Amino acid sequence: MDIFIQQIINGLVLGSIYALVALGYTMVYGIMGLINFAHGEVVMIGAMVALFVIKALAGLPVFVTVPLALAAAAGVCMAVGFTIERVAYRPLRRAPKLAPLITAIGVSIILQNLAMLIWGRNYHAFPPILPTSDHEIFGATITSLQIVIIVIAALMMAGLTLLVQRTRLGRAMRATSENPPIAQLMGVNINQIISATFVIGSALAAVAGLMVSANYSIAHYYMGFMLGLKAFTAAVLGGIGNLAGAMLGGVLLGIIESLGAGYIGDLTGGFLGSHYQDIFAFFVLIGVLIFRPSGLIGERVAERA
Amino acid sequence: MHTPRISSMTLTMTAALALIGCSQKEEPKAAAPTAAPAPAAAPAAPAPKPEITVKIGHVAPLTGPQAHLGKDNENAARMAIDELNAKGLEIGGAKIKLELVPEDDQADPKQGTIVAQKLVDAKVNGVVGHLNSGTTIPASKLYFDAGIPQISGSATNPKYTQQGFATAFRVMANDVQQGKVLGEYAAKQMAGKTVAIIDDRTAYGQGLADEFEKGAVAAGAKIATREFTNDKATDFAAILTKIKSKKADVIFYGGMDAQGGPMTKQMKSLGIKAKFLTGDGGCTPEYIKLAGAASEGQYCSLPGVPLDQMPGGKAFNDAFSAKYGQIQLYAPYVYDAVMVMVDSMKRANSVEAAKYLPEIGKTDFQGVTAKIQFDEKGDLKGGAISLYQVKDGKWEYRETVGGASAAPAAEAPKPEGEKK
């Protein structure tokens, strides 16, 4: 039993990590209907900047370095996000939908290689940002940092929902999402709103980057790619464009992967092993898309960012 | 316009992206039979020129998760070539200038064959590499068909030399030797009654894990479970939790340091008490950095003897670190691979592949790593395996198994006297 609970916790942690990244995808998609494939790379840049700030300030207490690192990472990521939108997406806003998708992939490759030039090809060990104390829940273990990750993912989702639903900026975002020309006629500066969306999404990426790297204590210029792909899957699973859907999709994907890897071998009598863990996740994705093409909770448009 | 419906186009793009991920960047230029980029590659015959440029191809992943190891290999090849050029080389009465042709295979078998074709088209005189078994094996067919000698410093999967290609050589012990030693070590010295095995599904990781399994079972251990991951993964909590439920004494990982490090760390945070053992891919300083305190007391193995016990280890280390920084892993072997290739050219008195290829098989060369001789398959004769354990944040040498006995690789002789 404790093994089962441990697998659920593993899935919850992994899922929250996917959700942290998926929120950024879903936010941009909700406003612009554009999939920002460079988002994974922005997460990576956030992790790298945070890592180097923490290393540069080594010796100072953690409650000083981590906020500073987060601030620096968020700052850099926001600048990167703003620039990406200006350079790669804005000129193509009236172009066919395929065009910005291609530039997104281009930006992603450029960022990856820039990061390789700046920070090198080596893996970087991420210093611990919280004391590594383990907590026991029904015989399963979870670290403090993992609890923080789950909480932050939930808080960020709630915060974003509030921002979109309750603030002036949020209302402008929803208006832009619904019909950009009309929103513009009503006095919404849609360029500003879209820039703001990217900047906020990139700040989230910085948080995600710090959390992911701290959890696995590893940072690498290549880390954004797989993470981005999985997070995108999570966002689609939950219903892309829907903030709660990103959270749900992420957690679901994490739990499916973890239970799949944990039990598939025993269930099939060794016929399938843990190398098929992704198959389960993608089976579920295909199933969901066949029966609910807009994702699990994608149709409740009202909640859409 | 903004219905949240997922257009099929989006999904197609995702699929396309996944494909791009496997083969991004490097444009497949190989299609065009290149005459142009080989201006100086005059075959040895027309000798009005006083100086002949000899191209040596080198392939390793320079991008992607193993880029740090690939660059290390390339630096070693470059160092060997720079040293030989500085000394001045004369073969067949002509002055020889060696030129390194570095290529990036991204540790991807598909990309490996693309760059191999590129080197064949560029008419290189020989190839050093590739780094990974998974890329070396498919590429070796192309080199064989073109008659280009290939010496790998790090591809340890036995298949590489078992295909019957006269052009394939390696200067490192193969995984049959290594896996067997590791399996016995886990069962005996580490007192592993039940062992769990994880591999990364690459030709290297899977091959080594298979040989490990054979060795461990032969030595009396029980296999608790066999789990799998991939060479880009960072999260191993699910498979480790399963292993925890099977109560294994030893966990063996067939794969590289980038996964082995975080895996060890996650073992600890899941409260797994089992000892961790890995092969040469995880036997790096990087592993200790990534695993942190959890690395203490864990084990790894490396073909050959430790750097400070290598015949030319110290001198090589000094020269290499001064130029390129800390040695990652395979640098001395790649250096030797270049030296063996050029040594064979000297003995054949020719830089033509067809002429010097037979000489490689007859190599008897005192390299940095060991005295290098090949068996009839192209495997290193009498490859030794050394075991290491982390102590105070450093890999500490434990013992060397085999070495002096020139055991034919694939036959796996039974008692391989363990020297303490």
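Of the 305 residues in chain A, 54% are buried, and I should say at once that this figure, like everything I will show today, comes from a predicted model. Behind that number stands a chain whose secondary structure comes to 11 helices and 4 strands. If we look at the contacts in chain A between residues with a separation of 6 or more, 76% of them join residues that are 24 or more positions apart.

What radius of gyration does chain A have, set against a compact globule of 305 residues? The value is 19 Å, and because a compact globule with that number of residues would have a radius of gyration near 19 Å, the two agree. As for its outer dimensions, the C-alpha atoms of chain A fill a box of roughly 60 × 55 × 35 Å, if we take the box along the principal axes.

Let me turn now to chain B, where the domain assignment gives two domains, each written as two stretches of residues: domain 1 covers 44–173 and 310–372, while domain 2 covers 176–303 and 384–411. The C-alpha centres of these two domains of chain B lie 29 Å apart. Where they touch, domain 1 of chain B contributes 16 residues to the contact and domain 2 of chain B contributes 21 residues. On the domain 1 side, the largest share, 3 residues, comes from helix 4 of chain B, which spans residues 133–146. Which kinds of residue make up that side of domain 1 of chain B, nonpolar, polar or charged? There are 6 nonpolar and 10 polar residues, with no charged ones.

I would like to finish with a sheet in chain B, an open one of 7 strands in the order 8-7-9-10-11-14-15, with mixed pairing. Strand 8 (222–228) and strand 15 (394–401) of chain B stand at the edges, and because each has a single partner strand, one side of each is left without a neighbour in the sheet. On average, and ignoring direction, neighbouring strands of this sheet are turned by 25 degrees against each other.

Further along that order, strand 11 (residues 299–303) and strand 14 (residues 385–391) of chain B pair in the antiparallel sense over 5 bridges, and if you would like one pair to find in the structure, Leu302(B) has Ser386(B) in strand 14 of chain B as its bridge partner. Finally, helix 8 of chain B, residues 237–246, lies across strand 7 (194–199), strand 8 and strand 9 (250–254) of chain B, and this helix runs at about 170 degrees to strand 8 of chain B.

Notes. Residues numbered from 1 in each chain as written. Chains lettered and ligands numbered in written order. Predicted model: local features only at pLDDT ≥ 70, side-chain atom pairs only at ≥ 80, totals over all residues. Helix = DSSP H or I, 4+ residues; strand = E, 2+ residues; numbered from the N terminus. Rg over C-alpha atoms; globule rule 2.2 N^0.38 Å. Buried ≥ 20, exposed ≤ 12 C-beta atoms within 10 Å, placed from the backbone. Contact = placed C-beta atoms within 7 Å. Domains from an automatic or database assignment. Nonpolar A, V, L, I, M, F, W, Y, C, P; charged D, E, K, R; others polar. Pairing = 2+ DSSP bridges. Axes fitted to C-alpha atoms, helices over the stretch in contact; angles between N-to-C directions.
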